[in-house]
Amino acid sequence: MSLGAGAGQPPTRGGAEATRPRVLVVEDEPAIARVVAGYLEREGFEVAVAGEGQAALDLARAREPDVVVLDLMLPGIDGLEVCRRLRTFSDAYVIMLTARTEELDRVVGLSTGADDYVTKPFSAPELVARVRAMLRRPRAGTAKDQPVRRVGDLTIDPATREVFRGGRRVELTRTEFDLLDVLSERPGHVLGRDQLFEQVWGGQWFGDRHVVDVHVANLRRKLGDDAQSPRYIRTVRGFGYGMGAGR
């Protein structure tokens, strides 16, 4: 386990080390950080730990983690701002840790680019199980065999995982792209929240299905889509979502 931003050089990409999933734990309470990191290491993960926001960003740049376990309440740069900055250079999955129980706090966390949240107190084995489930999440479709899709002025390329609107690239997180990929794969079809959850998050996922609605809202915001008069993502009240016609 590596502690802090100055704990050594980034691991090499060769050999067995390259096959170990990398997790960055960002937690300012040392006891919690040690327990979580210990469980992850025993399960075969390569773990780095940061106790504050800037150190977390430095480690994320150096180590390119697959998953970031990010505490919301950090000294200096808080978890929300760390997540915003992280999203400018990394598409790592982010699980946000929060002691807050208000729904608004969880929604704000997801809207900054987090993929899911865990509310304190939590059990370390449960958190490890969530990390594993996240890394097992299926990628929608077989990307190399999927043609480019066009919905109005929206272009979706499953092979490169790129999205363009009016010729300008739209930056999406992994989860946001996966959700758009599933919706655009079957234009004209409406998928229920449970169907979307199963296809994007996978059957082994433990999270709250409310994340579907939050990520749809994030997608609409980034695509410039009006929820009251949507062009790209339609809402079927009480059921789920479908791809619009783009006009």
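In which handedness of crossing does α2 pass α3? The crossing is right-handed, and this pair of helices makes a friendly starting point for a tour of the structure, which is a predicted model. Helix α2 covers residues 53-63 and helix α3 covers residues 79-86. Their axes come within 10 Å and cross at roughly 25°. Because angles under 35 degrees count as roughly parallel, α2 is described as roughly parallel to α3. On the α2 side, the residues that meet the partner helix are G53, Q54, A56, L57 and A60. On the α3 side, they are V82, R85 and L86.

Stepping back to the whole protein, eight helices and 13 strands are found. The protein has 247 residues, of which 48% count as buried. Among contacts between residues at least 6 apart in sequence, 62% join residues at least 24 apart.

Next come the nonpolar cores. In soluble globular proteins, nonpolar side chains tend to be buried together. The largest nonpolar core here has 48 residues, and those with the most contacts inside it are L70, V163 and L223. At least three residues of this core come from domain 1 (22-136), and at least three come from domain 2 (149-243). Another core lies apart from it and has 20 residues, including Y93, L97, V118 and F122.

V163 deserves a closer look. With its neighbours within four places in sequence left aside, V163 is in contact with L154, T155, I156, R168, R169, V170, L172, F177, L180 and L223. The adjoining topic is F164, which lies in strand β9, residues 162-165. F164 has a relative accessibility of 26% and therefore counts as partly exposed. Residues up to four places away in sequence not being counted, F164 touches D153, L154, T155, R169 and V170. F164 and L223 are 59 residues apart in sequence, while their C-alpha atoms are 9.1 Å apart in space.

How do the axes of helix α6 and helix α7 cross, and at roughly what angle? Helix α6 spans residues 174-185 and helix α7 spans residues 193-201; their axes come within 10 Å and cross at roughly 120°. That angle makes α6 oblique to α7. The crossing in which α6 passes α7 is right-handed. From α6, the contact is made by T175, D178, L179, V182 and L183. From α7, it is made by L196, Q199, V200 and W201.

Helix α7 also packs against helix α8, which covers residues 210-223. The axes of α7 and α8 come within 9 Å and cross at roughly 80°. The two helices are therefore roughly perpendicular to each other. In this pairing, R193, L196, F197 and W201 of α7 meet V211, V212, D213 and H215 of α8. L196 and W201 thus appear in the contact with α6 and also in the meeting with α8.

A few backbone details are worth pointing out. K120 and P121 are joined by a cis peptide bond, with omega at about -5°. P121 is placed in the loop between β6 (116-119) and α5 (124-135). K120 is also one of the residues touched by T98, together with L72, V118 and T119, when residues up to four places away in sequence are not counted. T98 is found in strand β5, residues 93-98. Is T98 buried or exposed? T98 has a relative accessible area of 5% and is therefore buried.

Two further residues have a positive phi although neither is a glycine. For E64, phi is about 50°, and the residue lies in the loop between α2 and β4 (67-71). E64 counts as partly exposed because its relative accessibility is 47%. For R161, phi is about 55°, and the residue lies in the loop between β8 (154-157) and β9. R161 also counts as partly exposed, with a relative accessibility of 32%.

How values were computed
Residues are numbered from 1 along each chain as its sequence is written. This is a predicted model: local features need pLDDT of at least 70, side-chain atom pairs count only at pLDDT 80 or more; totals for chains, interfaces and linings use all residues. Side-chain values use heavy atoms; hydrogens and water are left out. A nonpolar core is a set of buried Ala, Val, Leu, Ile, Met, Phe, Trp, Tyr and Cys residues joined through side-chain atoms within 4.5 Å. Buried means under 20% relative accessible area, exposed over 50%, partly exposed in between (1.4 Å probe, protein chains only). Domain bounds come from an automatic or database domain assignment. Contact means heavy atoms within 4.5 Å. Axes are lines fitted to C-alpha atoms, for helices over the stretch in contact, and angles run from 0 to 180 degrees between N-to-C directions. Helices (H or I, at least four residues) and strands (E, at least two) are DSSP runs, numbered from the N terminus. Angles under 35 degrees count as roughly parallel, over 145 as roughly antiparallel, 65 to 115 as roughly perpendicular and the rest as oblique. A crossing is left-handed if the near helix is turned anticlockwise from the far one by less than a right angle, and right-handed if clockwise.
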